[in-house]
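User: I am new to reading protein models, and I would like to learn how to describe one step by step. Could we look at a single example together?

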Amino acid sequence: MRTLLRRIGTDSRYLIAGFPLSIVFFVLMVAGFAAGIGTVIVWVGLPILATTLLVARGMADVERRMLPEVLGRALPRPRYRPAPETAGWLRRMVNPLTSGQSWLDLLYGIVAFPISIVTFVFTVTWWAGTILGLATPLYGWITAAIPGNHGLAYLLGFGDSVWIDVVINTSIGVLFALTLPVVVRGAALIRAGLGRAMLTGVAELHERIDDLAEGRAAAVSAEANALRRLERDIHDGPQQRLVSLAMDLSRAQRQLKRDPQAVEEMLSQAITSTRDTLDELRALSRGIAPPILTDRGLAPALAALASRCTIPVELDVQITGRFAAAVENTVYFVVAESLTNVAKHSHATICTVSLTRTGGVLMLTIGDDGVGGAHVAKGHGLSGLGDRLKAVDGELAVDSPVGGPTVIVAEVPCG
């Protein structure tokens with residue numbers, strides 16, 4: 001109930017306070033635009049139009065500051081193109097005329113005026129109906145005593161009874177009160193929707209383009225880092241072992257006839273080296289999509305990861321079905337990298353991994369009771385996870401105070 005009342009108050013304040021603002025906005029825009037267009041032929045209209053657009057920008061900023069409270073989300077401010085640094089005074093003066101968003105601001109001041117009138121009338125009418133109707137038992141007896149005053153009951157043919165008039169008016173007040181939240185909310189959304197479309201729509205598009213560009217750059221960076229790390233690990237591990245294995249086999253071939261017993265010992269060492277190399281290759285392949293993930297999905301793949309971890313892992317996977325390959329690979333990589341860091345650095349005694357789906361988002365939570373101090377700064381084990389998640393429009397949050405515990409939360413869009 002408290003939330004509902006707060007919402008009604010916010011929407012009503014937006015509609016009622018915004019009405020006089022829309023009047024001022026409309027008058028300034030119409031007057032400025034008409035004066036500017038009418039005198040542009042003698043060049044006086046250019047500074048008038050430029051000034052009008054600057055005023056429109058300021059008035060639009062006032063409206064933009066009110067929109068987040070109504071819509072329940074932050075909205076970006078448009079980017080107004082500044083004049084070039086080398087521009088002269090004339091170019092700087094007419095610079096607002098070159099901005100498309102400035103013209104949208106002006107157009108909003110004109111278009112929003114009739115909508116503000118309608119939404120204001122509905123809001124005031126419903127509030128008046130609610131207050132006056134519910135308060136009828138308090139003042140109905142006084143108005144009924146006024147000579148020649150006939151109430152609603154009399155006009156409807158129910159006689160001149162005060163009781164009937166109070167009941168009818170109170171019932172109407174109850175009806176207005178019950179529909180007040182819907183009417184006020186609908187009116188607020190209509191006006192705020194127009195404001196969002198005209199005052200922040202282009203800015204949201206630019207912000208989305210920036211996010212996509214950042215995600216693409218993060219994906220490229222993550223893949224490049226993963227390839228460099230894989231190349232380094234292969235060079236430092238399996239490649240060195242294979243070179244040593246090839247040298248041992250060549251030496252064994254040369255000594256096969258002269259010292260069979262030594263060759264047997266060398267072959268035994270070569271077999272051991274081969275097994276170690278295979279183990280290293282298997283470990284490296286865990287950073288890539290393993291066959292179990294490709295064939296059976298996230299739940300079995302995460303169970304395999306948990307079983308291989310040197311620290312006990314409590315796994316809670318509450319998802320069903322398959323997801324896009326990029327989503328599954330990202331979740332698998334985050335879990336694999338996190339468990340590796342837990343095993344190497346945390347000194348934890350237990351680790352928990354939880355994967356759930358909320359709407360169109362996979363929520364991955366990884367926690368441990370270790371020493372803490374983990375963060376995503378460059379050069380640390382978690383540094384690549386943020387880039388991996390950005391590549392799929394995901395987000396990463398790490399809470400790891402010194403002394404522990406550590407909680408890693410990753411959100412991966414999957415819808």
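**Reading one residue, then the sheet**

Analyst: Gln101 touches Arg64, Pro78, Tyr80, Met198, Leu199 and Val202, where residues up to four places away in sequence are not counted and a contact means heavy atoms within 4.5 Å. This is a predicted model, in which local features need pLDDT of at least 70 and side-chain atom pairs count only at pLDDT 80 or more, while totals for chains, interfaces and linings use all residues. Residues are numbered from 1 along each chain as its sequence is written, and side-chain values use heavy atoms, with hydrogens and water left out.

User: Is Gln101 buried or exposed?

Analyst: A residue is called buried under 20% relative accessible area, exposed over 50%, and partly exposed in between, using a 1.4 Å probe and protein chains only. Gln101, which is found in helix α4 (residues 100-134), has a relative accessible area of 6%, so Gln101 counts as buried. In the chain of 415 residues, 35% count as buried.

User: Which helices and strands should I look for, and how many does the chain have?

Analyst: Helices (H or I, at least four residues) and strands (E, at least two) are DSSP runs numbered from the N terminus, and the chain has 13 helices and five strands.

User: In what order do the five strands form the sheet?

Analyst: In general, strands of a sheet pair through backbone hydrogen bonds, either parallel or antiparallel. Here, two strands are said to pair if DSSP finds at least two bridges between them, and the five strands form an open sheet in the order β1-β2-β3-β5-β4, with mixed pairing. Because β1 (313-318) and β4 (395-399) each have a single partner strand, they stand at the edges, and one side of each is left without a neighbour in the sheet. The partnership of β4 with β5 (residues 406-413) is antiparallel over five bridges, and Asp399 stands opposite Val407 in β5.

User: Which strands does helix α12 lie across?

Analyst: Angles run from 0 to 180 degrees between N-to-C directions, and axes are lines fitted to C-alpha atoms, for helices over the stretch in contact. Helix α12 (residues 325-346) lies across β1, β2, β3 and β5, and runs at about 5 degrees to β3. Helix α11 (residues 298-308) lies across β1, β2 (351-358) and β3 (361-368), running at about 175 degrees to β1.

User: Where does Val40 lie?

Analyst: Val40 lies in the loop between α1 (2-39) and α2 (45-71), and with a relative accessible area of 32% Val40 is partly exposed.
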